Amino acid sequence: AYESNNSRSTAKVIPVNTTFTAQIATSTDKDWYRFSNTSATPRIKVELTNVPLDYDLRLYRNSSLLATSQNAGTSNETIILNTTTVSSNYYAYVYGYNGAFSNTQCYSLRVSLSSS
């Protein structure tokens, strides 16, 4: 449902405070998602869970890399950004380490926003 989202320019807009599932289905598949925060809820938490293989997570604002989570193996990935910068161009980027992929198992992604 989210393809094609293999680049920042084709990133799918996702709702915040909602958990959804997706797949890295091939060794060249990469998933980009775009979301917005607000002045009332500027703080960002991105969680990548239920990973079937070694997947990693990056957080960008526009083209600027803000944070990376690269835990080994099937460990969950989490990024917390305590920011006051409001933007409609935050991006979560999910990719398989060294081309890891599974065309049978999904991962879960959740972007949460809060005031503190």
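## Close-up views of the predicted model

**View 1. Strand β9 and its neighbours.** Strand β4 (residues 43-49) runs antiparallel to β9, and 7 bridges join the two. Strands here, like helices, are DSSP runs numbered from the N terminus (E over at least two residues for a strand, H or I over at least four for a helix), and two strands count as paired if DSSP finds at least two bridges between them. What you are looking at is a predicted model, where local features need pLDDT of at least 70 and side-chain atom pairs count only at pLDDT 80 or more, while totals for chains, interfaces and linings use all residues. Residues are numbered from 1 along each chain as its sequence is written, and side-chain values use heavy atoms, with hydrogens and water left out. Strand β2 (residues 19-22) also runs antiparallel to β9, this time joined by 4 bridges. To find your way along that pairing, look for Ala22, whose bridge partner in β9 is Tyr107. Strand β9 itself (residues 107-114) is mostly covered, with 6 of its 8 residues buried. Buried means under 20% relative accessible area, exposed means over 50%, and partly exposed is in between (1.4 Å probe, protein chains only).

**View 2. The salt bridge on Lys45.** Lys45 stands opposite Ser112 in β9, and the side chain of Lys45 also meets that of Glu47 in a salt bridge, 3.8 Å from N to O. The cut-off for a salt bridge is a side-chain nitrogen of Lys or Arg within 4 Å of a carboxyl oxygen of Asp or Glu. The structure holds just 1 of these. Lys45 counts as partly exposed because its relative accessibility is 32%. Glu47 is partly exposed too, at a relative accessible area of 23%.

**View 3. Ile44 and its contacts.** Ile44 sits in strand β4. At 2% relative accessibility, Ile44 counts as buried. Contact here means heavy atoms within 4.5 Å. Leaving out residues up to four places away in sequence, Ile44 touches a long list of residues, including Phe35, Leu59, Ile79, Ile80, Leu81, Val111 and Leu113. If you need a distance to set the scale, the C-alpha atoms of Ile44 and Tyr93 are separated by 14 Å, and these two residues are 49 apart along the chain.

**View 4. Asn37 in the loop between β3 and β4.** This loop residue is buried, with a relative accessible area of 5%. The Asn37 side chain reaches the backbone oxygen of Pro42 at 3.0 Å and the backbone nitrogen of Ser87 at 2.9 Å. Both are polar contacts (N or O atoms within 3.5 Å; within protein, one must be able to donate a hydrogen and the other to accept it, and residues adjacent in sequence count only if both atoms are side-chain atoms). Not counting residues up to four places away in sequence, Asn37 touches several residues, among them Ile44, Thr83, Thr85, Val86, Tyr90 and Leu113.

**View 5. The open sheet.** 5 strands line up in the order β1-β3-β8-β5-β6, with mixed pairing. The edges are β1 (12-13) and β6 (64-69), each of which pairs on one side only. Further in, strand β3 (residues 30-35) and strand β8 (residues 90-96) pair in the antiparallel sense over 6 bridges. Phe35 is a handy marker, as it stands opposite Tyr90 in β8.

**View 6. Aromatic rings.** The structure holds 7 aromatic pairs. Rings of Phe, Tyr and Trp (its six-membered ring) pair if their centres lie within 6.5 Å; planes under 30 degrees apart count as stacked, over 60 as edge-to-face and the rest as tilted. Trp32 and Tyr60 make a tilted pair, 5.3 Å centre to centre with 40° between the planes. This pair links distant parts of the chain, since Trp32 is in strand β3 and Tyr60 is in strand β5 (residues 55-61), 28 residues apart. Trp32 is buried at a relative accessible area of 8%, and Tyr60 is buried at 10%. Tyr55 and Tyr107 form an edge-to-face pair, 6.0 Å centre to centre with 85° between the planes. Tyr55 lies in strand β5 and Tyr107 in strand β9, so this pair ties together parts that are 52 residues apart in sequence. Both Tyr55 and Tyr107 are buried.

**View 7. The aromatic cluster and Arg8.** Trp32, Tyr60, Tyr91, Tyr93 and Tyr95 form one aromatic cluster. The charged end of Arg8 sits over the ring of Tyr60, 5.5 Å from its centre. The cut-off for a charge over a ring is NZ of Lys or CZ of Arg within 6 Å of the ring centre and within 35 degrees of the ring normal.
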